[in-house]
Structure formats: structure tokens, C-alpha cells
Amino acid sequence: MTVNVDPVVIMKQEVGKAAASRVKSDSIVGLGTGSTTAYAIEYLGERLRKGELKNIVGIPTSFQAEVLAKKYRIPLTSLDTVDRIDIAIDGADEVDPNKNLIKGGGAAHTREKVVDSLADLFIVVVDSGKLVDKLGSTFLLPVEVIPMAVAPVMRSLEKLGGKPELRMGVKKAGPVVTDQGNLVIDVKFDRIDDPACLEKTINNIPGVLENGLFIGVADIILVGEIKEDRPLVREII
Ligand SMILES: O=C(CO)[C@H](O)[C@H](O)COP(=O)(O)O
């Protein structure tokens with residue numbers, strides 16, 4: 001593993017490694033997106049290389065996950081060729097006390113929701129800074145939208161009490177374009193009292209593909225923490 005002294009990076013590394021340790025041989029593995037899951041993918045590759053793990057196949061949730069899996073020589077397949085996913089490992093931007101999530105910081109939440117929801121066991125990997133009492137308190141809610149529907153979807157989101165903004169690229173002129181060729185609207189809600197209802201309401205707006213609320217999908221949350229200068233991983237079931 002890459003050595004780093006930034007405490008957040010250490011938490012991400014530890015939790016990624018802890019999740020990858022739970023993968024068994026002969027498994028179909030959902031490979032999530034983001035900087036924390038990247039460590040899990042790296043460690044899965046290491047376990048394969050050492051012969052500790054045999055015969056796993058990954059289903060990537062994004063172009064990023066696909067590139068990393070290829071780098072670490074994890075064989076890949078698609079949902080066309082498998083009828084189950086044994087385990088999925090993925091990050092999150094916020095986790096509430098009911099294990100509900102906001103995801104989509106990497107604009108990959110649509111494919112992530114497909115893969116993570118299909119998994120028999122979905123393990124979320126986060127550092128302790130991602131735990132919140134209420135969803136929406138620190139992170140805007142990502143909504144993937146087909147490009148021609150951006151303006152009407154923004155108006156509909158405002159009517160729901162949100163403050164929408166089109167996500168713009170960093171080191172790229174213009175908006176962020178998802179792996180599916182769509183755009184992302186990030187929405188600030190002052191409070192999300194009923195996330196399950198909001199998830200469905202937003203997905204019912206014509207032109208919306210998927211939003212980043214993951215309700216009742218996560219099985220286990222692995223939280224990376226630093227206690228008395230030592231990294232540890234706490235499990236929330
Ligand atoms: O939902 C995601 C991508 O769409 C990521 O899992 C989420 O943004 C967390 O990323 P990181 O581990 O880099 O903090």
C-alpha cells in the first residue's frame with residue numbers, strides 16, 4: 001500500500017483494506033467509486049497477486065473503478081453475464097444513523113445504485129468525517145439528469161424547496177459529464193426529513209435518471225477512525 005501520513009488518507013486506507021479483507025474466493029464483487037474504494041480495489045489486487053484470494057470477478061460502478069481494476073489485474077465482467085453479486089464495496093459522502101447514504105460525489109451514483117442494490121452484502125467504506133445526524137447537513141444531493149431536461153428539472157427541484165446548481169468540471173471547461181453522458185445537478189436542501197420519500201419524489205421528475213439518496217441499501221458501514229493517534233476500523237451493522 002502507498003504510505004501516507006494525512007490522517008484522512010490513513011483512515012481511508014485502513015477502511016478500504018478492512019473491506020477488501022472480507023472478500024472471499026469465488027466471489028462476484030461490486031467495485032465502487034471514489035478515493036476510499038480505490039484502496040479496497042488496490043488491496044483486492046494485492047490479495048489476488050499473493051494468491052490469498054482466487055477466482056474473483058469484479059463489476060465496476062464507473063470508468064474509474066474499471067481503470068483501477070485493470071491496473072490491479074482484477075478480472076471484470078458485466079451484469080449481462082452474471083446473475084448475482086456476492087459483495088459490493090463502495091464509499092459514501094454522508095451516512096446517517098439508519099445507514100442511509102448520500103452518494104454521487106464522484107458523479108457515479110446511478111451505476112453505483114444498480115450494483116450496490118444487487119449485492120447480497122453491501123459494505124460502505126467511509127472515514128469518520130462522513131457520519132452525520134441528518135442527511136443533507138454537509139453535502140449537496142447529486143441528481144443525474146439527461147442534458148435536454150436540465151432547466152425544467154432545476155425548476156422542479158426549486159419547487160421541492162431545493163437550491164440546485166449544475167456541477168461544473170474542475171480542470172475542464174463546462175459541466176461535469178457522467179459516464180452515461182448526462183449532467184449532474186447538486187441540490188442544497190435545508191433539511192431532509194423523509195429521505196425515502198424525497199428519493200422517490202426526485203426520481204419521478206421527468207428527465208431525472210437517478211439521485212444520490214441510498215435508502216435501506218447498506219448492510220454494513222465500516223468507519224475509519226483515529227483514536228489516540230492510532231487508526232482503527234469500527235463496524236456499524
Ligand atoms: O459516491 C461516490 C462516487 O459517486 C463516492 O463513493 C463518494 O463520493 C465517496 O468518495 P470518497 O471515498 O472519495 O470520499
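**View 1. E228 is exposed, with 5 other C-beta atoms within 10 Å of its own.** Exposed here means 12 or fewer such neighbours, buried means 20 or more, partly exposed lies in between, and the C-beta atoms are placed from the backbone. The model shown is predicted; local features need pLDDT of at least 70, side-chain atom pairs count only at pLDDT 80 or more, and totals for chains, interfaces and linings use all residues. Residues are numbered from 1 along each chain as its sequence is written. E228 belongs to the loop between strands β12 (220-227) and β13 (230-236). Its phi is positive, near 45°, although E228 is not a glycine. Most residues other than glycine have a negative phi. Helices and strands are DSSP runs, numbered from the N terminus: H or I over at least four residues for a helix, E over at least two for a strand.

**View 2. D26 is another residue other than glycine with a positive phi, about 65°.** D26 sits in the loop that joins helix α1 (7-21) to strand β1 (28-31). Is D26 buried or exposed? D26 counts as exposed because 10 other C-beta atoms lie within 10 Å.

**View 3. The whole chain holds six helices and 13 strands.** Along its principal axes, the C-alpha trace spans about 55 × 45 × 35 Å. The radius of gyration is 18 Å, which agrees with the value near 18 Å for a compact globule of 237 residues. This radius is taken over C-alpha atoms, and the globule rule is 2.2 Å times the number of residues to the power 0.38. Of the 237 residues, 47% count as buried. Contacts (C-beta atoms, placed from the backbone, within 7 Å) often link distant parts of the sequence: among those between residues at least 6 apart, 75% join residues at least 24 apart.

**View 4. A shell of 17 residues surrounds the ligand.** G34, T36, G91, G105 and G106 come nearest to the ligand. A residue is near a molecule or strand if its C-beta atom, placed from the backbone, lies within 6 Å of it. Helices α2 (35-50) and α4 (109-118) each supply at least two residues of the shell. The shell has three nonpolar, ten polar and four charged residues. Nonpolar covers Ala, Val, Leu, Ile, Met, Phe, Trp, Tyr, Cys and Pro; charged covers Asp, Glu, Lys and Arg; the others, Gly among them, are polar.

**View 5. E112 is listed by UniProt, in an unreviewed entry, under "active site".** UniProt positions follow the numbering used here, feature names are shortened, and annotations may be inferred rather than shown by experiment. E112 is part of helix α4. E112 is buried because 31 other C-beta atoms lie within 10 Å. Which residues touch E112, leaving aside its neighbours within four places in sequence? The contacts of E112 are G32, T33, T61, D90 and K103.

**View 6. Helix α5 (residues 150-159) has V153, M154, S156 and L157 as its buried residues.** Seen down the axis of α5, these residues fall within an arc of 160°, so they line one face of the helix. The arc is that of the directions from the helix axis to the C-beta atoms. An α-helix has 3.6 residues a turn, so residues three or four places apart point the same way. On the other side of α5, A151, R155, E158 and K159 are exposed. The cover over the buried residues of α5 includes strands β7 (141-145), β8 (163-166), β9 (183-188) and β10 (208-211). After α5 comes G161, with a positive phi near 95°.

**View 7. I185 is a residue of strand β9.** I185 counts as buried because it has 24 C-beta neighbours inside 10 Å. Beyond its neighbours within four places in sequence, I185 has contacts that include V153, M154 and L157, which are among the buried residues of α5. V143, V145 and P164 are also among the contacts of I185. Y43 is 142 residues away along the chain from I185, and their C-alpha atoms are separated by 33 Å.

**View 8. Helix α6 (residues 195-203) contains K200.** The buried residues of α6 are P195, L198, E199 and I202. They cover an arc of only 105° around the axis, which puts them on the same side of α6. On the other side, A196 and C197 are exposed. Strands β7, β10 and β11 (213-214) are included in what covers the buried residues of α6. K200 counts as partly exposed because it has 13 C-beta neighbours inside 10 Å. K200 and E210 are ten residues apart along the chain, with 9.5 Å between their C-alpha atoms.

Key
Two residues are in contact if their C-beta atoms, placed from the backbone, lie within 7 Å.
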